[in-house]
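Work through the exercises below with the sequence and the model at hand. Each task is followed by a solution in steps.

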Amino acid sequence: MNSINSLEKEKKEHAEIFYELLEFEEIIDDNNFDYWNLIYTFHKILNLISQHEKYEEYLLNEINNNKNGINISKNTILIDQRAIKGHIKVIGEAIKSKDMDYIRTALDNDGRMFVSRVKEQIFKEEQIFDNLLFLHLVH
């Protein structure tokens, strides 16, 4: 296992998602946001998360199949889709409606919760992967 490269790629992907979440938060906070930028940013985040989850499954298998005795549960690393699915649905429906009041309400409620939950997951994963990197460097 090339742990360091895999973990560096993981961190890079986290940074990219986090950056887009910050962009999304700026849209949420802007009462005069650009509708098309909202659509672009929201879909970019969803695509990044989807790609990232696939890589994390690969990384998780790589870590768990290593003979170092490390075993990480899927539930620990992969984002709980149930926790964000409802928020994604509400935001998506609001965007499709093109009703700016509905969009603002959805962003203020579900948008903020979506961002919070994804950030929380990233922080949790970062802590786990930092610990793995430390263990790898110690051994």
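**Exercise 1: a loop residue**

K98 is exposed, its relative accessible area being 55%. The model is a predicted one.

Task: State where K98 lies and what is notable about its phi.

Solution. Step 1: K98 belongs to the loop that joins α4 (81–97) to α5 (100–138). Step 2: its phi is near 60 degrees, a positive value although the residue is not glycine. Step 3: most residues other than glycine have a negative phi.

**Exercise 2: a pair between helices**

Task: Classify the ring pair of F24 and F42, and say which helices it ties together.

Solution. Step 1: a search of the whole structure gives six aromatic pairs. Step 2: in the pair F24 and F42 the ring centres are 5.6 Å apart and the planes are at 25 degrees; the cut-off for stacking is under 30 degrees, so this pair is stacked. Step 3: F24 is in helix α1 (residues 3–29) and F42 in helix α2 (residues 35–64), so the pair connects parts 18 residues apart in sequence. Step 4: F24 and F42 are both buried. Step 5: ring pairs also link F24 and F42 with F114 in a cluster.

**Exercise 3: a pair within one helix**

Task: Classify the pair of Y55 and Y58, and decide for each residue whether it is buried or partly exposed.

Solution. Step 1: both residues lie in helix α2, three residues apart, about one turn of the helix. Step 2: with 5.7 Å from centre to centre and 40 degrees between the planes, the Y55 and Y58 pair is tilted. Step 3: Y55, at a relative accessible area of 12%, is buried, whereas Y58, at 45%, is partly exposed. Step 4: the charged end of K9 sits over the ring of Y55, 4.2 Å from the ring centre.

Conventions:
Residues numbered from 1 in each chain as written. Predicted model: local features only at pLDDT ≥ 70, side-chain atom pairs only at ≥ 80, totals over all residues. Heavy atoms only, no water. Helix = DSSP H or I, 4+ residues; strand = E, 2+ residues; numbered from the N terminus. Buried < 20%, exposed > 50% of the residue type's maximum accessible area, 1.4 Å probe, protein only. Phe/Tyr/Trp six-rings, centres within 6.5 Å; stacked < 30°, edge-to-face > 60°. Lys NZ or Arg CZ within 6 Å of the ring centre and 35° of its normal.
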